[in-house]
Amino acid sequence: MALAPDSASQVAGRRLARPAQWSEVGWADPLLWGSCQGSGKTPYTVAVDVTTPTYRCSCPSRKFPCKHVLGLLFLWSEGGVDTGGVVSDFATKWAQRAQKSSGTSQTMASPHERTAEQIAAAAERAARRDQRVSDGMAELDRWLADQMRRGLAATKPDQARDMAARLVDAQAPAAATRLREIAAMPQGQSWLLNVLQGFALLHLLARAHQTSGSGPMRDTIRMRVGFTTSRDDVLATAPIRDRWLVTGMRDADEEQVSVRYVWLVGMDTGTPAQVLFFAPPGHSQPTSPLQPGQALDADLHFYPGQPQLRAALGDQHAASDLQGWEPESMTVDQVIAVWRHVLAADPWLNEWPVTLRGSVGTSPQGWALRDVTGRALRLHGDTVWPLISLTGGDPAIVFGEVGPDGLHATSVLQDGSVIPL
Amino acid sequence: MTDLDDLAAVAAVGTARRTSLPPLPHITDAVPTRSGDLAVAALDAAAALTVVSRGAIGTTAESLTACSPETQSEPPAEFMSALRQVTGTTGGGVIGDYQTRVAVACEALGWMHDRDVRLPHREIVPLLQHPQAQVRRAARLVSGQRGRWLTALPGAPGDPPAPTPSIEEWTHGTSAQQLNYLTNLRAVDPQQAMELVAQQWKQSPAALRAEITTLIADNPQPTDEDFLENCLSDRAASVRSAAPPGLEKLPNSGYVGRMMDRIPALIQADVKGRVIVTPPAPDEHDQLGKKLTAQDRVTRVVAAIPPAGWKRATGLTATELLAAPGPARSQKDPGYQLIPGLVHSAASHTDTDLAVALLEAGHIDARLSPYIPAAVMAGALAKAGHKALAKAGEWVRLLTEHPRPWPEEVSLAVTRTITSAPKLDAIQAAVWAALAVAASPNTAAQCAEGVSARLARESQPKHGRMIAAATATLTLRATLWRTLMTCQPAAHREET
């Protein structure tokens, strides 16, 4: 934000901070590069050295930095640029010229061949980022306390959005997104309670970030704040190989991206997993390689954090089938116990995949899935009626996501096939 | 109120003026509430309570009575795959036009009903939630035991069945409710229906009286004659004009008798055997008032005569009368036409012979189409040729309004006529649209092949897309029909 020559550039840069605008993007410390599609035929090429920072863009704008540079920097600061990628010719030549003119004789190292100096510089940048994030989260916590003192009824959405913008500057994009979601909550009967709970969980995150040391909780907290792990790093970890059954799929339009959530369960290990696919906002997802009911022998590599859930699809070995497979289904009390257990590891979790056997029934809160003991989970979402229609009141194996609102059913196992709802 | 509600009440106004938080018995031991920064303490307490509440998701529930087993089978998978192309609410598939997709979907669901097969359970809810009411209605009829069970549950998707109208709707309802009640009652007890009408006739407003008269005139019984006859003297013009269409449908009514009495003066033969038509004198009671033109009075009298009555009155059948020559006419003296009245009479009395005679004499009228045998219509179209389908005239209207699906002969005749045109672009768009959805399912594939072959011989017609769309619709309908006909419902009945 501080780099922007004026507020118009800031706004324009913000608009370009979307993955859909960029191609051939990459980041190899300290070089950041990408191509941005403008109104002309040829995309504008952008290169930035984040140390100084210095930058170069092929667009004809007379503003420095231009909106393309700002857009790329915003995108990078929000974790939208993965480490690696093929360094564009434009960026390489520019960096070499810059080094020559600065009198250094270092040659550009590839992203995976760094000198000790570069490693140290990277560590220093990481430490600076950690400090920026810590400062940002501390400021968030103070802001939250201020809202509690003044009264939530006096909190204006603009104030929350301003605080969210400062969190983006502090490179804590996930926390910023959550705060913007709270600011956008519709007024109504539950508004006060929802805002209080939202602020309370952000306060918990801020405090956890201050006090977390090393270990699995630290990874979870960093993920919730907005630190990302590159897919390449995840794929470099040891996978879990299993016959993975796709039990559900859901598309959601989020702020700057459309996300497809795909739920899987390991048919041999019972391990649950979630794989995400992304598309530009408002665009339909391309055909997913994972479809509900599909089973495949594959490697899943899990992202850091506890409980382990999000994964990246690695090597696929063969298609599989459900022949003779009996899933381990839980009772309602077992599902609740599992949910509470994972919630204890990640209090900000919104859903967890489960498999249970039950039949649809009626509860004081509406439709529910009950087991043989009469204990039940409230059903919610747009899959309730398809579930009722498919099961006809009879018991069935139901796959779904359990969360604070109850169970969102995603599919049913019937006649040896998984039928998506 | 829970602890969280209490905390929310505090949070609403703020902790600045407070010295302590309210008692929070469930978390007192874990979270201090009296010392330190109250705002932070409140956030700490809210966080703890929030996490706890997120974990409290269990409840109890009563079971549902399970659905009875199905007695009908499902259609073949290929049929369902084709049906999904027209029942989806998003774009795409081979048929781009939404209304066409709806029409094809309803047709296919109707075929399922005729074939006694039901929807697979996973298809029921999406179809009951379809944006188009006619699709929802059609789907409901083929949703089987599961659909009936489902739609009886509270809050179920789809349209609830219309409640049986009650007498309160007649006595206190709106005009629409009163008409609805009357329609239902006439179907089961026409006499009581007329008694109710008579009871409040005098005080009913003219608009309602006219609507009731129209309702009765649409499907009159002999016992309705007195009522309709009295309507001819009603104080409101709208009521008076609504009665004759009903009286015309009662061949033995006094009204028809009076019209028959006018025939000798209306139609005479001169010494050369030519038919001379003389308009009747104005008669306000029989709705032949002075405000009508002479031709209109001729038409009304002729329209009221049942085709079978002409022989008795004139010695000529209606068909012979149609063929009888008239005197030479000039622009100054065009004479009076019997044709408009004869067309109306053929349609209202569903007289096939007269309808065919009119068609063969070159009088094309869409009102006659339901009564013309398929072979006759096909022959007449072949004779008229492709030029008849190149202008927005009566042939196009006849085809677009003909009951669907068209008979096989008509479907093939239309296809042959179209493909005989030197340029496909010359054919009216309405004909392509009608062919696509109205061609008989048995011949749809043949029609599609004929059009495709013809299209291939023409280089880049201007309306190529529209023609290709019609072909795609025909092909899909043919697939739906063919795949459903392979299903043997009786062989797949599930054991109960």
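This is a chat about how chains A and B meet in a predicted model, and about some local features of each chain.

Reader: Hi! Let's start with the interface. How many residues does each chain bring to the contact?
Author: Chain B gives 46 residues and chain A gives 54 residues.

Reader: And how much area do chain B and chain A bury between them?
Author: About 4000 Å², with 65% of it on carbon and sulfur atoms. On the side of chain B, the residues that lose the most area to chain A are Leu43(B), Arg54(B) and Ile57(B), together 20% of what that side buries.

Reader: Nice. How many salt bridges are there between chain B and chain A?
Author: Two salt bridges are counted there. In one, the side chains of Asp37(B) and Arg149(A) meet at 2.6 Å, N to O. Another salt bridge pairs Arg207(A) with Asp44(B), at 3.9 Å, N to O. That pair crosses between chains, from helix α7 (residues 191–211) of chain A to helix α2 of chain B.

Reader: How many turn up over all chains?
Author: A search of the whole structure gives 32 salt bridges.

Reader: OK, and how many residue pairs are in polar contact across the interface?
Author: The rule finds 23 residue pairs between chain B and chain A, both residues at pLDDT 80 or more.

Reader: Which element of chain B gives the most to the side that touches chain A?
Author: That is α2(B), with twelve residues. The elements giving two or more residues to that side also include α1 (3–13), α5 (121–128) and α7 (144–151) of chain B. By residue class, the side of chain B that touches chain A has 28 nonpolar, eleven polar and seven charged residues.

Reader: Which strands pair across the two chains? I'm curious about β2(B) to begin with.
Author: β2(B) pairs with strand β10 (residues 352–363) of chain A, in the antiparallel sense, over two bridges. Within that pairing, Glu62(B) is the bridge partner of Thr362(A). There is also β12(A), which runs antiparallel to β1(B) and is joined to that strand by three bridges. Here Ala376(A) stands opposite Thr59(B).

Reader: What does β12(A) pair with inside chain A?
Author: Strand β11 (residues 366–370) of chain A pairs with strand β12 (residues 375–378), antiparallel, over three bridges. Arg370(A) stands opposite Ala376(A), and Ala376(A) also faces Thr59(B) across the chains. β11(A) and β12(A) make a hairpin with four residues between them, and Gly374(A) in the turn has a positive phi of about 95°.

Reader: Switching topic: what is the strand order in the open sheet of chain A?
Author: The four strands run in the order β1-β2-β3-β4, with antiparallel pairing. β1 (22–28) and β4 (54–57) of chain A are at the edges with a single partner strand each, so one side of each has no neighbour in the sheet. On average, neighbouring strands in this sheet are turned by 5° against each other, direction ignored. Five bridges join β1(A) to strand β2 (residues 31–36) of chain A, and Gly26(A) has Trp33(A) as its bridge partner.

Reader: Which helix lies across those strands?
Author: Helix α2 (residues 67–77) of chain A lies across β1, β2, β3 (44–49) and β4 of chain A, at about 60° to β3(A).

Reader: And what about the barrel, which strands close into it?
Author: Five strands of chain A close into the barrel in the order β5-β6-β7-β9-β8, with mixed pairing. Neighbouring strands there are turned by 45° on average, direction ignored. Strand β5 (residues 240–253) of chain A runs antiparallel to β8(A), joined by six bridges, and Asp242(A) stands opposite Ala298(A).

Reader: Last thing, backbone oddities. Where are the cis peptide bonds in this model?
Author: Gln306(A) and Pro307(A) are joined by one, with omega about -5°. Pro307(A) sits in the loop between β8 (295–302) and β9 (310–320) of chain A. In chain B, the bond from Arg404(B) to Pro405(B) is cis, with omega near 0°, and Pro405(B) is in the loop between α23 (394–401) and α24 (408–419).

Reader: Which residue has a positive phi although it is not a glycine?
Author: Asp116(B) does, with phi about 60°. Asp116(B) lies in the loop between α4 (98–115) and α5 of chain B. For context, most residues other than glycine have a negative phi, and most peptide bonds are trans.

Notes. Residues are numbered from 1 along each chain as its sequence is written. Chains are lettered from A and ligands numbered from 1 in the order in which they are written. This is a predicted model: local features need pLDDT of at least 70, side-chain atom pairs count only at pLDDT 80 or more; totals for chains, interfaces and linings use all residues. Side-chain values use heavy atoms; hydrogens and water are left out. Contact means heavy atoms within 4.5 Å. Buried area is the accessible area (1.4 Å probe) that two parts lose on being put together, summed over both. A salt bridge is a side-chain nitrogen of Lys or Arg within 4 Å of a carboxyl oxygen of Asp or Glu. A polar contact is a pair of N or O atoms within 3.5 Å; within protein, one must be able to donate a hydrogen and the other to accept it, and residues adjacent in sequence count only if both atoms are side-chain atoms. Ala, Val, Leu, Ile, Met, Phe, Trp, Tyr, Cys and Pro count as nonpolar, Asp, Glu, Lys and Arg as charged, and the others, Gly among them, as polar. Two strands pair if DSSP finds at least two bridges between them. Axes are lines fitted to C-alpha atoms, for helices over the stretch in contact, and angles run from 0 to 180 degrees between N-to-C directions.
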